[in-house]
Amino acid sequence: MDRDTNSESLRARQREIRDEEANLLLTPEPDGRSTRVELVVCARSVSRCWIVSQRIRIGAAVVRMDGIGGVGTDESERHKGYASRVLDAAMRRMLAGDAALTMLYGIPDFYRRFGYVPAGPEHFVRLSSADCALPSGWTSRPLRTADLPTVHSIYEAETSRAVGPAVRTAACYALRQLRAAAESPSASDGDVCRVVLDPDGDLGGYVWRGNGFWATEILERETPDSLIISEALAISAPAADAVLAVCRQWAHEVAARTGRPVTSALISAPHDGRMAAAARRTDAELVRRYVRCGGSMARILDLP
Ligand SMILES: CC(C)(COP(=O)(O)OP(=O)(O)OC[C@H]1O[C@@H](n2cnc3c(N)ncnc32)[C@H](O)[C@@H]1OP(=O)(O)O)[C@@H](O)C(=O)NCCC(=O)NCCS
């Protein structure tokens, strides 16, 4: 047997041993809505993802959707097929469940092999950071715990007929993040959510950077000259003007604090909503971004 054949059979044997010692575990998380799917090799967790049971709005309909998040293989264990095994197991679990579709926010060129395709373009509003004075009488401050019910009701009202937004519940990641932001507004690099108050001091909208969201982190890496705003919502046209001014101010502040050349605020927002309508009356660009394979992706699980 020559050296190459020898090392090939050794590799095959190693693969066999690895397979015998590898285990796929599916564990429900204490939040009652997520399942951790992980591959354990020689008693060590090496690769994992989470299935997150959600409901999303598609116009007037509310549809069960299984989100996939936290996909990752330990650096030293990559390119051994581990993430594929984890995602195949997650897919089997989802196909046996009650969701109509699964969605994720993906790195380029990875998820097509698991049946995901881009879920249409992503929509952004890019604001140049000029004109950042708030309309007369309007103010802003970091989110407080007492603001949470109003912020949630603004989200519900503004997304009630939209396509794609999640129906948020107390246990969901987004609301837990918002609660954490309200409880410690100075955590991370400055506050992460600001509310916008009308001249009577009533809450008219909010601006949430959404740090920690995978989609936000990817965008931050791709467009370092923009401040990424994951969510900006307002209950009226005047409130939308004030919310846009806060986005611009925030971009200015980050540029001044970090010395980074932040020249715009990039808001993830549909182009048929209130925020885009307000932006059209200012210096702004409406950006529609298409990705061949990556970004927001979906796969149908169940067709009636
Ligand atoms: C992306 C990641 C999960 C892949 O894990 P892995 O265990 O190495 O993946 P696999 O070995 O199962 O690879 C499966 C296939 O995808 C390809 N692939 C692996 N990493 C890839 C990447 N970053 N981009 C595109 N394709 C990739 C492999 O070449 C392989 O292709 P092949 O079957 O044609 O040989 C891993 O690199 C990782 O944890 N990265 C950092 C976190 C991250 O980016 N997670 C994704 C969040 S959306």
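I take contact to mean heavy atoms within 4.5 Å. With that in hand I looked up Leu-197 and found that, apart from residues up to four places away in sequence, Leu-197 touches Gly-137, Trp-138, Thr-139, Arg-141, Asp-202 and Leu-203. I note here that the model is a predicted one, and that every entry below should be read with this in mind.

**Entry: Leu-197, continued**

I placed Leu-197 in strand 10, which covers residues 193-197, and its relative accessible area of 10% puts Leu-197 among the buried residues, because buried means under 20%. I then checked Leu-197 against Ala-100: the two are 97 residues apart in sequence, and their C-alpha atoms are 39 Å apart in space.

**Entry: the chain as a whole**

I stepped back to the whole protein chain, where I counted seven helices and 16 strands. The C-alpha atoms fill a box of roughly 85 × 45 × 35 Å when the box is taken along the principal axes. Of the 304 residues in the chain, 41% are buried, and the chain exposes about 15500 Å², with carbon and sulfur atoms supplying 53% of that area.

I also looked at how the contacts are spread along the sequence: among contacts with a separation of 6 or more, 68% are between residues 24 or more positions apart. For the charges, I found 39 positive and 39 negative side chains, and the centres of the two sets lie 2 Å apart.

**Entry: the nonpolar cores**

Which residues have the most contacts inside the largest nonpolar core? I found that this core has 28 residues, and that the ones with the most contacts inside it are Leu-127, Val-207, Val-243, Cys-247 and Ile-267. The elements that give two or more residues to this core are strand 7 (122-128), strand 12 (226-229), strand 13 (231-234), helix 6 (237-258), strand 14 (264-268) and helix 7 (274-279). Helix 6 supplies the largest share of this core, with 11 residues.

I followed Val-243 further and listed what it touches once residues up to four places away in sequence are set aside: Val-196, Gly-205, Tyr-206, Val-207, Ala-232, Leu-233, Ala-234 and Met-275. A second core, separate from the one above, has 23 residues, among them Ala-22, Val-37, Met-94 and Met-297.

**Entry: cysteines**

How many disulfides does a search of the whole structure find? The search returned zero disulfides. I looked at Cys-293 in particular, where the closest cysteine sulfur, that of Cys-49, is 17 Å away, so the two are too far apart for a bond. Cys-293 itself counts as buried, at 4% relative accessibility.

**Entry: two residues with positive phi**

I looked up Ala-43, which is not a glycine and yet has a positive phi of about 65°. Ala-43 sits in the loop between strand 2 (34-41) and strand 3 (44-58), and with a relative accessible area of 78% Ala-43 is exposed.

His-79 is another residue other than glycine with a positive phi, here near 60°. I found His-79 in the loop between strand 4 (61-73) and helix 2 (82-95), and at 86% relative accessibility His-79 counts as exposed.

**Entry: Leu-175**

Is Leu-175 buried or exposed? At 13% relative accessibility, Leu-175 counts as buried. I found Leu-175 in helix 4, residues 173-183, and, leaving aside neighbours within four places in sequence, Leu-175 is in contact with His-152, Arg-168, Thr-169 and Ala-170. I also compared positions with Pro-30: Leu-175 and Pro-30 are 145 residues apart in sequence, and 16 Å apart in space from C-alpha to C-alpha.

**Entry: Asp-302**

My last look was at Asp-302, which lies in the segment after strand 16 (295-300). Asp-302 is partly exposed, with a relative accessible area of 46%. Although Asp-302 and Ala-100 are 202 residues apart along the chain, their C-alpha atoms are separated by 4.9 Å. When neighbours within four places in sequence are left aside, Asp-302 is in contact with Ala-99 and Ala-100.

Conventions
Residues are numbered from 1 along each chain as its sequence is written. This is a predicted model: local features need pLDDT of at least 70, side-chain atom pairs count only at pLDDT 80 or more; totals for chains, interfaces and linings use all residues. Side-chain values use heavy atoms; hydrogens and water are left out. A nonpolar core is a set of buried Ala, Val, Leu, Ile, Met, Phe, Trp, Tyr and Cys residues joined through side-chain atoms within 4.5 Å. Buried means under 20% relative accessible area, exposed over 50%, partly exposed in between (1.4 Å probe, protein chains only). Helices (H or I, at least four residues) and strands (E, at least two) are DSSP runs, numbered from the N terminus. Accessible areas come from the Shrake-Rupley method with a 1.4 Å probe; for residues, only the protein chains shown count as cover. Lys and Arg count as positive and Asp and Glu as negative; His and the chain ends are not counted. The place of a charge is taken as NZ of Lys, CZ of Arg, CG of Asp or CD of Glu. A disulfide is a pair of cysteine sulfur atoms within 2.5 Å.
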